[in-house]
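Visitor: I should be grateful for a close look at a single part of this structure, namely the sheet. Please describe how the strands are arranged and then place the sheet within the chain as a whole.

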Amino acid sequence: MVGKNRVVFNIAGNKYRLIVAIAYQFGAIYIKFVGTYQEYDKVDALTVG
């Protein structure tokens, strides 16, 4: 969990990262970022997207 509604997933043994925003009231997930872990280090998980 990152912040109130953001979750970071590690994919393929930490080769890729996925950041999603979850809208619990609507039951929806919004993809905010997909990239390598090097690209992930350059973004702010709380504000990306």
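Guide: In this predicted model, three strands form an open sheet in the order β1-β2-β3, and their pairing is antiparallel. The edges are taken by β1, residues 6–11, and β3, residues 28–36. Each of these has a single partner strand, so one side of β1 and one side of β3 remain without a neighbour in the sheet. From one strand to the next, the twist averages 25°.

As general background, strands of a sheet pair through backbone hydrogen bonds, in either a parallel or an antiparallel manner. Here, β2 covers residues 16–23 and is joined to β3 by eight bridges, the two strands running antiparallel. Within this pairing, Arg 17 has Gly 35 of β3 as its bridge partner.

The sheet may now be set in its context. The secondary structure of the chain consists of three strands and one helix, and along the sequence these elements follow the pattern β-β-β-α; the helix thus comes after the strands. The C-alpha atoms occupy a box of roughly 30 × 20 × 15 Å along the principal axes.

Of the 49 residues in the chain, 31% are buried. The chain exposes about 3600 Å², and 56% of that area is supplied by carbon and sulfur atoms. As for contacts between residues at least 6 apart in sequence, 18% link residues at least 24 apart.

Notes: Residues are numbered from 1 along each chain as its sequence is written. This is a predicted model: local features need pLDDT of at least 70, side-chain atom pairs count only at pLDDT 80 or more; totals for chains, interfaces and linings use all residues. Side-chain values use heavy atoms; hydrogens and water are left out. Helices (H or I, at least four residues) and strands (E, at least two) are DSSP runs, numbered from the N terminus. Buried means under 20% relative accessible area, exposed over 50%, partly exposed in between (1.4 Å probe, protein chains only). Contact means heavy atoms within 4.5 Å. Accessible areas come from the Shrake-Rupley method with a 1.4 Å probe; for residues, only the protein chains shown count as cover. Two strands pair if DSSP finds at least two bridges between them. Axes are lines fitted to C-alpha atoms, for helices over the stretch in contact, and angles run from 0 to 180 degrees between N-to-C directions.
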